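Take a walk through this structure, from its interior to its DNA contacts and then to its charged pairs.

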Amino acid sequence: MGKNSLPLSFYQSYDTLTLAQKLLGCELVHDSPDGITSGIIVETEAYLANDPACHAYNRRTARTEPMYSQAGTIYVYLIYGMYQCVNVVSNAEGIGEAVLIRALQPVQGIELMHQRRSLIETKTAKKIKAVTVKELCRGPGKLVKAMGIERDLHNNQLLDESTLYINKPEFLDFEIASSVRIGINVGVALPYRFIIKNNLFVSK
DNA sequence: CCGGTGATGTTC
DNA sequence: AACATCACCGGG
């Protein structure tokens with residue numbers, strides 16, 4: 001928390017495709033009761049209002065309503081019954097767009113991230129094999145688990161008095177590469193995925 | 001490869 | 001009320 005965190009005006013200053021790139025190199029921080037965890041954002045995807053892969057595409061419902069609120073709002077959703085993903089809402093109020101955070105390079109609270117990732121919530125709660133630091137936040141479901149992001153953050157804002165916020169860029173000198181997005185069936189040709197080129201913490 | 005898992009949106 | 005869909009992950 002403090003002077004390094006991005007103000008709402010930052011999220012409001014760019015269109016969604018630009019914001020998805022501007023967030024690369026910034027530090028996502030979660031100040032939870034268990035401790036602080038954080039990581040550099042190394043991979044994002046943009047979801048636009050005219051984009052069939054976007055949850056808010058031709059839909060304005062209870063679930064997608066936060067996507068229509070002001071930029072800097074947090075959109076968390078359940079996917080495949082088991083995993084949560086976190087998005088930064090973008091663009092003006094009334095336009096349903098967001099940026100999905102897909103991978104982090106862990107910085108703070110790495111031990112806590114390991115603890116959170118070490119169990120899966122099956123009936124048996126059996127242990128999964130040990131993960132390396134590189135694997136801790138490599139994927140949208142994994143990073144939400146490692147960061148301890150819960151559904152209660154949904155529809156909150158990324159203010160510095162929030163428990164979840166984003167700091168100004170830690171990395172400044174890098175190249176951005178773009179590609180098609182992962183795991184979707186529509187809008188497959190759109191090059192709306194952005195990564196820090198040559199970063200080892202990007203997902204496959 | 002393939003199945004687990006449950007909310008959501010759409011259709012009937 | 002029933003069904004198809006899904007911005008994922010881990011086991012094999």
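**From the inside out**

A search of the whole structure turns up one cavity of 30 Å³ or more. The model is a predicted one. The largest cavity has a volume of about 40 Å³. Its lining consists of L28, I74, V86, N87, V88, I101, L158, L164 and I166. Two elements give two or more residues to this lining: β4 (83–89) and β6 (164–167). The largest share, three residues, comes from β4. By class, the lining has eight nonpolar residues, one polar and no charged.

Now turn to the DNA. Strand B is surrounded by R59, T61, R63, L78, Y80, G81, M82, Y83 and R151. These residues divide into four nonpolar, two polar and three charged. Which parts of DNA strand B make up its atoms within 4 Å of the protein? Sugar or phosphate accounts for 68% of them, and bases for the rest.

Individual contacts to DNA strand B involve phosphate, sugar or linking oxygen, and base. A polar side-chain atom of R59 lies 3.3 Å from a phosphate oxygen of the strand. R63 has a polar side-chain atom 3.2 Å from a sugar or linking oxygen of DNA strand B. For G81, the backbone is involved: one of its polar backbone atoms is 3.5 Å from a base nitrogen of DNA strand B.

DNA strand C has 21 residues around it. The closest are Y77, N87, G141, K142 and G183. N87 also belongs to the cavity lining. Of the strand C atoms within 4 Å of the protein, 59% belong to sugar or phosphate, and the rest to bases. The surface near this strand has twelve nonpolar, six polar and three charged residues. β3 (74–79), β4, β5 (98–108) and α4 (140–147) each supply at least two of its residues. The largest share, three residues, comes from α4.

Three side chains show the polar contacts to DNA strand C. An N or O atom in the side chain of Y83 is 3.1 Å from a sugar or linking oxygen of DNA strand C. Y83 is also among the residues surrounding DNA strand B. R102 and R117 approach phosphate. An N or O atom in the R102 side chain is 3.5 Å from a phosphate oxygen of DNA strand C. For R117, the corresponding distance to a phosphate oxygen of the strand is 2.8 Å.

Last come the charged pairs within the protein. A search of the whole structure finds six salt bridges. One of them joins the side chains of D51 and R181, at 2.6 Å from N to O. This pair links distant parts of the chain, 130 residues apart. D51 sits in the loop between β2 (35–47) and β3, and R181 in the loop between β7 (176–179) and β8 (193–196). Are these partners buried or exposed? D51 counts as buried because its relative accessibility is 0%. R181 counts as buried as well, at 5%.

Other bridges have partners with more varied settings. The side chains of R60 and E65 meet at 2.9 Å, N to O. E65 is partly exposed, with a relative accessible area of 34%. K197 and E175 form a salt bridge at 3.7 Å, N to O. K197 lies in the segment after β8 and E175 in the loop between β6 and β7, so the bridge ties together parts that are 22 residues apart in sequence. K197 is partly exposed, at 41%, while E175 counts as exposed, at 54%. Finally, salt bridges with shared partners join E43, E45, R102 and R193 into one network.

Notes. Residues numbered from 1 in each chain as written. Chains lettered and ligands numbered in written order. Predicted model: local features only at pLDDT ≥ 70, side-chain atom pairs only at ≥ 80, totals over all residues. Heavy atoms only, no water. 1 Å grid on protein atoms, 1.4 Å probe; cavity = no way out; pocket = protein on both sides within 12 Å on 5 of 7 lines; lining within 4 Å. Points joined across faces, edges and corners; volume = space filled by probe spheres on them. Helix = DSSP H or I, 4+ residues; strand = E, 2+ residues; numbered from the N terminus. Nonpolar A, V, L, I, M, F, W, Y, C, P; charged D, E, K, R; others polar. Near = heavy atom within 4 Å. Polar contact = N/O pair within 3.5 Å; in protein donor to acceptor, adjacent residues only side chain to side chain. Salt bridge = Lys/Arg side-chain N within 4 Å of Asp/Glu carboxyl O. Buried < 20%, exposed > 50% of the residue type's maximum accessible area, 1.4 Å probe, protein only.
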